[in-house]
Amino acid sequence: PERDEACFADATAANAAWVEGQTVRLVQDVSNTDRFDRLLRYVYVDEVLINAELVAGGWAESKRYPPDDALFVFMEGLEEIAAGQAVGCYPTGVFVP
């Protein structure tokens, strides 16, 4: 969720629980930044893909932004499971189809 959306603080805390104090590895897909000049990366702690953990936990949603969509199908599957189980932010309705 974005800063002004429901569940932002909870999703931020979930992300921090995975990465705070850890060494992260950032992996680029195609583009360097998005249209808002935000860095686009897949984030790993050791071999754990944090982006996937956040989507699976319902703390983030999968979005397709070509050409940066190498893991979209994988992430979309995780999102379907999280939505079906109503975990993380899903009960708030922040992730509207």
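# Glutamate 61, a disulfide and some unusual backbone

Glutamate 61 has a relative accessibility of 29%, so this residue counts as partly exposed. In this talk, buried means under 20% relative accessible area, exposed means over 50%, and partly exposed is in between (1.4 Å probe, protein chains only).

Before we go on, some ground rules. This is a predicted model, numbered from 1 along each chain as its sequence is written, and local features need pLDDT of at least 70 while side-chain atom pairs count only at pLDDT 80 or more. Totals for chains, interfaces and linings use all residues, and side-chain values use heavy atoms, with hydrogens and water left out.

Back to glutamate 61. Where does glutamate 61 lie? Look in the loop between helix 2 and helix 3. Helices (H or I, at least four residues) and strands (E, at least two) are DSSP runs, numbered from the N terminus. What does glutamate 61 touch, leaving aside neighbours within four places in sequence? The list is Val55, Glu79, Tyr90 and Phe95. Contact here means heavy atoms within 4.5 Å. Now pick out cysteine 7. Along the sequence, glutamate 61 and cysteine 7 are 54 residues apart. In space, their C-alpha atoms are 12 Å apart.

Move along to serine 62. Serine 62 is in the loop between helix 2 and helix 3 as well. Is serine 62 buried or exposed? Serine 62 is buried, with a relative accessible area of 12%. Its contacts are Val55, Phe72, Met75, Glu76 and Glu79, again without residues up to four places away in sequence. Note two of these names: Val55 and Glu79 are in contact with glutamate 61 too.

Stay in that loop. Next comes proline 67, placed between helix 2 and helix 3. Which form does the peptide bond from proline 66 to proline 67 take, cis or trans? That bond is cis, and its omega is near 10°. Keep the background in mind: most peptide bonds are trans, and most residues other than glycine have a negative phi.

One more stop between the two helices. Leucine 71 sits in the loop between helix 2 (50-56) and helix 3. Its relative accessible area is 24%, so leucine 71 is partly exposed. Beyond its neighbours within four places in sequence, leucine 71 is in contact with Tyr42 and Leu49. Compare its position with tryptophan 18. The two are 53 residues apart in sequence, and their C-alpha atoms are 20 Å apart in space.

On to the disulfide. How many does the structure hold? The count is one. A disulfide is a pair of cysteine sulfur atoms within 2.5 Å. Here the partners are cysteine 7 and cysteine 89, with a distance of 2.1 Å from S to S. The angle about the S-S bond is -80°, and the link is left-handed. What does the link tie together? Cysteine 7 lies in the segment before helix 1 (8-19), and cysteine 89 lies in the segment after helix 3 (72-85), so the bond ties parts that are 82 residues apart in sequence. How open are the two ends? Cysteine 7 has 12% relative accessibility and therefore counts as buried. Cysteine 89 is buried too, at 0%.

Last topic: positive phi. Start with aspartate 37. Where is aspartate 37? Find this residue in the loop between strand 1 (24-27) and strand 2. Its phi is positive, about 65°, although aspartate 37 is not a glycine. With a relative accessible area of 61%, aspartate 37 is exposed.

Now take aspartate 46. Its place is the loop between strand 2 and strand 3 (48-49). What is its phi? The value is positive, about 55°, and aspartate 46 is not a glycine. Aspartate 46 is exposed, with a relative accessible area of 61%.

Glutamate 47 follows, in the loop between strand 2 and strand 3. At 69% relative accessibility, glutamate 47 counts as exposed. How far from proline 1 is glutamate 47? They are 46 residues apart along the chain, with 25 Å between their C-alpha atoms.

To close, turn the model and find two things. One is the disulfide from cysteine 7 to cysteine 89. The other is the cis bond from proline 66 to proline 67.
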